[in-house]
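Subject: A structure to look through

Hello,

Here is the structure I promised to pass on to you. Please keep it open beside this message while you read, since the notes below follow it part by part.

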Amino acid sequence: MRGLRFWLGLVAVAAGVSLLIVLLDVVVKLMQVSPLALVVLLLIVVFICLRWRFFRPPSPAPSIPQFPDKLTAAQANLTALEEQLQKIRDQVTQGALQEQTEKLRTTIERQELQVVVFGVGSAGKTSLVNALLGRAQGKIAATMGTTEIGVKYRPVQIGKSTVSLVDCPGILEAGEGGKEREELARRIATRADLLLFVIAEDLKQAEFQLLQELYHLGKKIVLVWNKIDLYTKSDQAAILAKIQERLQQAHLAIETVPIAAHPAPVSLPTGEIYQPPPKLAPLLATLADILTAQTKDLIADNVLLQCQTLTTEARSVITAEREQQTQAIIDRYQWLVAAAVVANPLPLVDFLATAAVHTQMVLDIAQVYDCQISWEDGQNLVKSLVQTMTGLGLTKTAMQILNATLTVNPLGVVVKNALGGITAAYLTRIAGRSFQAYFAQQGQWGDGGITAVVQQQFALAQKEELLQKFLQQTIAHLELN
Ligand SMILES: Nc1nc2c(ncn2[C@@H]2O[C@H](COP(=O)(O)OP(=O)(O)OP(=O)(O)O)[C@@H](O)[C@H]2O)c(=O)[nH]1
Ligand SMILES: [Mg+2]
């Protein structure tokens, strides 16, 4: 038994075919062509449409490098970063970034994990470090700001692994000194392989925000809830459950471990003061688990993360340098073009299309962006750009805009004589900016094509302050005032 949809489909196909036959008949009669030729033509059209619409081979997916492990990935990222640093021209910046990259190389090779103890003032960070070291190394006190600088201790053995403990100054403290200490602590934290985020009492909102920030940065964190000796067993369970619930709601995969790094001393019936030993068992167990399974991965993750930060920094330095270089190139050529047009009887559009200066400008900008192109490629790019500008009527519009702006300029009358040259410089500027956008995208015009890029640059150049600045510079340069 066939379904209703089948019969409806059949009726629709039959109706479609009949309609097509009627249409063909009408066309044959009207145009007096042979029905066979028309059918063949129709089939060819249908074939071409199908070929391009449906059977176009899918564009190859960009290949994402695959690495056997995180360590290899970190090494490959470092190599890519080193290559990128070569593109920085400023020697001082390049040297500083290179030094940090070299440090990361040694980080990969080191065997011990760097564990940073982080948290608000007086949470018990130094007490925890002392407890883990098994001896009183760092000064502890009830007042905030006891630890003022980051202190790295000699490596210790935790389980089967070796770790370097780093004690941080407290965060979220008031005052100028507090701010400075916090900045230092944050810097140390971002370099950690593993963070022990120490809290006391409860997880306060400011701590929670910072915890989220570090987590989303990609840091591996263990939340250490200290001073549990101040609570009864049932309060401990309730507070712990509340903390865990908050973490879960915020989708933070962070383990919380309750400890007492330096429990409050107890007065014994004999009158003696007894100092209970630290309670670290849950933390030691968690650390042992993490260290056994993930030491190499944690180091690699950390290197990858820092590598990412350095890459972003290097990229923005390179972008700024390229921007500056391109700006200088465009400036140079726009003055050349302006002077040439003032002295040249050729119509503006012809001049823009044929002048070798534009091709040279393209080649110079391409070089800034490490793109290798031939003279011919440059010429073709100039031709396409001038065609686009002319097609969009930008040459005329530019002249009208400049003419109108110069009318309100006190020097308007004198300057208007050089309107052709000024317009040529203006268009050269827009062309230069468009080529810059093209090379910045590795020789691609992007989704909107050349038209969208040119329109965008034209709109940008029209911004009041940019236009005024351009005119002032041009007037000064052409010595028109
Ligand atoms: N009751 C109790 N007090 C603790 C515990 N751990 C630390 N303390 C006390 O908390 C206070 C601060 O301890 P520190 O270790 O100096 O804290 P910190 O986080 O290093 O402080 P800053 O260096 O100032 O940021 C001291 O008075 C410690 O005795 C604990 O487990 N229980
Ligand atoms: Mg301290």
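**Helix H4 and its surroundings**

Helix H4 (residues 91–109) has 19 residues, which at 1.5 Å a residue should span 27 Å, and its end C-alpha atoms are indeed 27 Å apart, so the two agree; the expected span is 1.5 Å times one less than the number of residues, and helices (H or I, at least four residues) and strands (E, at least two) are DSSP runs numbered from the N terminus. Before going on, please note that this is a predicted model, in which local features need pLDDT of at least 70 and side-chain atom pairs count only at pLDDT 80 or more, while totals for chains, interfaces and linings use all residues. Residues are numbered from 1 along each chain as its sequence is written, and chains are lettered from A and ligands numbered from 1 in the order in which they are written.

Which residues of H4 are buried? They are Leu97, Thr101 and Leu104, where buried means that 20 or more other C-beta atoms, placed from the backbone, lie within 10 Å of the residue's own, exposed means 12 or fewer, and partly exposed lies in between. These buried residues cover an arc of only 50° around the axis, which puts them on the same side of H4; the arc is taken from the directions from the helix axis to the C-beta atoms. The face turned away from that buried side carries exposed residues, including Gln91, Glu99 and Lys103.

**Lys219**

Lys219 is found in the loop between helix H7 (205–217) and strand E6 (221–226), and it counts as buried because it has 23 C-beta neighbours inside 10 Å. Leaving out residues up to four places away in sequence, Lys219 touches Ala192, Leu195 and Leu214, a contact being two C-beta atoms, placed from the backbone, within 7 Å.

**The nonpolar cores**

The largest nonpolar core has 58 residues, and Leu195 and Val224 are among those with the most contacts inside it; such a core is a set of buried Ala, Val, Leu, Ile, Met, Phe, Trp, Tyr and Cys residues joined through C-beta atoms within 7 Å. The largest share of this core, eleven residues, comes from H9. Apart from it lies another core, of 34 residues, which includes Tyr333 and Leu363.

**Helix H11**

In helix H11 (residues 356–368), the buried residues include His358, Leu363 and Ala366. Just after H11, Asp370 takes a positive phi of about 55°.

Best wishes
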